[in-house]
Amino acid sequence: MTTTVADLYLTRGSSETVTPRVDPVVWSEPGAPGPMRPSELSDFDRDGFLAIEELITPDEVAVYRAELDRLISDPEVRADERSIIEPKSQDVRSVFEVHRISEVFANLVRDPRVVGRARQILGSDVYVHQSRINVKPGFGASGFYWHSDFETWHAEDGLPNMRTVSVSIALTENYDTNGGLMIMPGSHRTFLGCAGATPKDNYKKSLQMQDAGTPSDEALTKLADAHGIKLFTGKAGSATWFDCNCMHGSGDNITPYPRSNVFIVFNSVENTAVEPFAAPVRRPEFIGARDFTPVR
């Protein structure tokens, strides 16, 4: 017997829609134990993100950088479907499910500084919905256009509620010039449903260049006028936690300086994926996990 889950956030219809958020941002009770102070949780609730100057130490950064370099230079990893290749340069852009192919990154996922914050924000045990390393080499690596992750994860992966949080941990310095993360503070309070049906196997195109699930210029202008845009900079080892519904993106990197990071998406075990809400088929499990085993 199939259980029907209500679709609270309509998207991929004939026109754009705007839906006020009905889910909490911070799901834990006040005073819940964890690495985040009450003031940090309050800031996260208000802005939809929290920047941390040093989540991991310089020595740890060196370990993760070496592992990233090993993975992207491995011919078997490059040939794997979990690797996404830059269309122009043919360099590796991303490697997905990195916590499953690398014990080094698996240990990072289990680190209390990482998973502890996810549990505190989401108010439950968590599992990894998605993990990847992003490689943004200098001299032309392409950016990621404005989008809400939840719009895609809801439409194409079947996540019912906004009970998902991401962390981007810098493995190289994030300057204000090398394609850093940009977020519209407060945009997580409004769900923007995008226009246009989802093509079959949309992920094959969208992971290189987005199309379906992309907001209109008019909608983005209204959000930016209402919320502004925050650009994140910081040394290697810094991190940005952000809510699944934040409107965010990043520009191309035309500087000589690479921008690489490890990106982990934690979802509540109480928000496991159902069938996609606005796509003909599920995305592959290396992009949207169907193994809901809690991180231990």
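Buried along its length are D149, F150, E151, T152, W153, H154, A155, E156 and D157, the residues of helix α7 that count as buried. In this predicted model, helix α7 covers residues 149-157 and is mostly covered, with nine of its nine residues buried. Just after α7, the chain passes through G158, which takes a positive phi of about 85°.

From this helix one may turn to the chain as a whole. The protein chain contains nine helices and 13 strands. Its radius of gyration is 18 Å, close to the 19 Å that the globule rule gives for 296 residues, so the chain is as compact as a globular protein of that length. The C-alpha trace spans about 45 × 45 × 45 Å along its principal axes. Of the 296 residues, 54% are buried. Among contacts with a separation of 6 or more, 86% join residues that are 24 or more positions apart.

The interior can be described through its nonpolar cores. The largest nonpolar core has 40 residues, and W241 and F266 are those with the most contacts inside it. Helix α6, residues 112-122, supplies the largest share of this core, namely five residues. Another core, of 18 residues, lies apart from it; Y9, F49, F242 and C246 are among its members.

The outer surface and the charges complete this general view. The protein chain exposes about 13,100 Å², of which carbon and sulfur atoms supply 53%. There are 30 positive and 41 negative side chains, and the centres of the two sets lie 1 Å apart.

Individual positions show how distant parts of the sequence meet. G193 belongs to strand β9, which comprises residues 190-193. With a relative accessibility of 0%, G193 counts as buried, because the limit for that class is under 20%. Although G193 and T17 are 176 residues apart along the chain, their C-alpha atoms are separated by 4.7 Å. Leaving aside neighbours within four places in sequence, G193 is in contact with L10, T11, S15, E16 and T17.

R12 is found in the segment before β1, the strand of residues 17-20. R12 has a positive phi of about 60° although it is not a glycine. Its relative accessible area is 7%, so R12 is buried.

E97 offers another case of this kind of backbone angle. E97 is not a glycine, yet it has a positive phi, of about 50°. E97 lies in the loop between β4, residues 92-96, and α4, residues 98-101. At 13% relative accessibility, E97 counts as buried.

Helix α4 also holds I101. I101 has a relative accessible area of 27% and is therefore partly exposed. Not counting residues up to four places away in sequence, I101 touches L71, R82, V95 and F96. The C-alpha atoms of I101 and P137 are 36 residues apart along the chain and are separated by 22 Å.

F96, one of the residues that I101 touches, also serves as a reference point for E81. E81 and F96 are 15 residues apart in sequence and 8.8 Å apart in space, C-alpha to C-alpha. E81 is placed in the loop between α3, residues 75-79, and β3, residues 83-85. Its relative accessible area is 55%, so E81 is exposed.

A further loop position is G34, which lies between β1 and α1, the helix of residues 38-47. G34 has a relative accessible area of 43% and is therefore partly exposed. The C-alpha atoms of G34 and Q120 are separated by 5.8 Å, while the two residues are 86 residues apart along the chain. Q120 falls within the residue range 112-122 of helix α6, the helix that gives the largest nonpolar core its largest share.

Technical notes:
Residues numbered from 1 in each chain as written. Predicted model: local features only at pLDDT ≥ 70, side-chain atom pairs only at ≥ 80, totals over all residues. Heavy atoms only, no water. Core = buried A, V, L, I, M, F, W, Y, C linked by side-chain atoms within 4.5 Å. Buried < 20%, exposed > 50% of the residue type's maximum accessible area, 1.4 Å probe, protein only. Helix = DSSP H or I, 4+ residues; strand = E, 2+ residues; numbered from the N terminus. Rg over C-alpha atoms; globule rule 2.2 N^0.38 Å. Contact = heavy atoms within 4.5 Å. Areas by Shrake-Rupley, 256 points an atom, 1.4 Å probe, with all protein chains shown as cover. Lys, Arg positive; Asp, Glu negative; His and termini not counted. Charge placed at Lys NZ, Arg CZ, Asp CG, Glu CD.
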